Amino acid sequence: MTASLIDGTAIAADIRATIKTRVEELYTATGRRPGLATVLVGEDPASQAYVRMKGKNSLEVGMESFSYKLPADASQQEVEGLVRDLNAN
């Protein structure tokens with residue numbers, strides 16, 4: 001079996017285009033846009049960069065983006081409570 005190269009950038013662009021079309025179809029049908037909520041606990045720079053990219057990517061395909069930040073000392077109950085509230089919305 002021979003190896004073949006794939007163009008990950010092109011594949012990602014196709015996926016984003018498909019998602020953007022589906023988001024617009026959903027918005028047209030319902031008047032509501034899907035959204036992505038992120039929860040960042042603490043100040044880790046790598047996590048902050050990851051969350052920023054998720055927000056940027058969401059907006060690029062026409063979705064809403066919601067970012068929630070909790071302090072590093074947030075309790076497990078606080079984090080779970082926020083996630084429960086987001087799931088219920």
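Which residue's side chain meets that of R33 in a salt bridge? In this model, which is a predicted one, the partner is E24, and the N to O distance is 2.8 Å. R33 has a relative accessibility of 30%, so it counts as partly exposed. E24 falls in that class as well, because its value is 31% and the class runs between 20% and 50%.

The count of salt bridges comes to two, and I turn now to the other one. It joins the side chains of E60 and K56, at 3.1 Å from N to O. Both of these residues belong to helix α2, where they are four residues apart, or about one turn of the helix. E60 is at 38% relative accessibility and therefore counts as partly exposed. K56, with a relative accessible area of 45%, is partly exposed too.

Let me stay with helix α2, which covers residues 45–60. Is S58, a residue of that helix, buried or exposed? Its relative accessibility is 5%, so S58 counts as buried, the limit being under 20%. Setting aside residues up to four places away in sequence, S58 touches L36, M63, E64 and S65. Two of those contacts, L36 and S65, stand opposite each other, S65 being in β2.

That brings us to the strands. Strand β1, residues 35–41, pairs with strand β2, residues 64–70; the sense is parallel, and there are seven bridges. Between the two strands the chain passes through α2, and the resulting β-α-β crossover is right-handed. As a general remark, side chains in a regular strand alternate between the two faces of the sheet.

Within strand β2 I would draw attention to Y68. Y68 counts as partly exposed because its relative accessibility is 30%. Which residues does Y68 contact, leaving aside its neighbours within four places in sequence? They are A37, T38, V39, L40, L82 and L86. For one of these, T38, the separation from Y68 is 30 residues in sequence, while the C-alpha atoms are 6.0 Å apart in space.

A second pair offers a useful contrast. L26 and K56 are also 30 residues apart in sequence, but their C-alpha atoms lie 20 Å apart. L26 is located in helix α1, residues 8–30. With a relative accessible area of 38%, L26 is partly exposed. Its contacts, again without the neighbours within four places, are G31, R32 and P34.

My last topic is the largest pocket. The space in it amounts to about 270 Å³. Which residues line this largest pocket? The lining consists of R32, R33, P34, G35, L36, A37, E64, F66, Y68, L86, N87 and N89. Strands β1 and β2, together with helix α3 (76–88), are the elements that each give two or more residues to that lining.

Several residues discussed earlier appear again in this lining, among them R33, L36 and Y68. R33 is the residue whose side chain forms the salt bridge with E24. L36 is one of the contacts of the buried S58. Y68 is in contact with A37 and L86, and both of those residues are part of the lining as well. R32 and P34, which L26 contacts, line the pocket too.

Conventions:
Residues are numbered from 1 along each chain as its sequence is written. This is a predicted model: local features need pLDDT of at least 70, side-chain atom pairs count only at pLDDT 80 or more; totals for chains, interfaces and linings use all residues. Side-chain values use heavy atoms; hydrogens and water are left out. Buried means under 20% relative accessible area, exposed over 50%, partly exposed in between (1.4 Å probe, protein chains only). Contact means heavy atoms within 4.5 Å. Two strands pair if DSSP finds at least two bridges between them. A crossover is right-handed if, with the strands pointing away from the viewer, the path from the first strand over the helix to the second runs clockwise. A salt bridge is a side-chain nitrogen of Lys or Arg within 4 Å of a carboxyl oxygen of Asp or Glu. On a 1 Å grid over the protein atoms alone, a cavity is a set of points where a 1.4 Å probe fits but cannot get out, and a pocket is an open set with protein on both sides within 12 Å along at least five of seven lines; lining residues have an atom within 4 Å of a point. Grid points are joined across faces, edges and corners, and a volume is the space filled by probe spheres set on the points.
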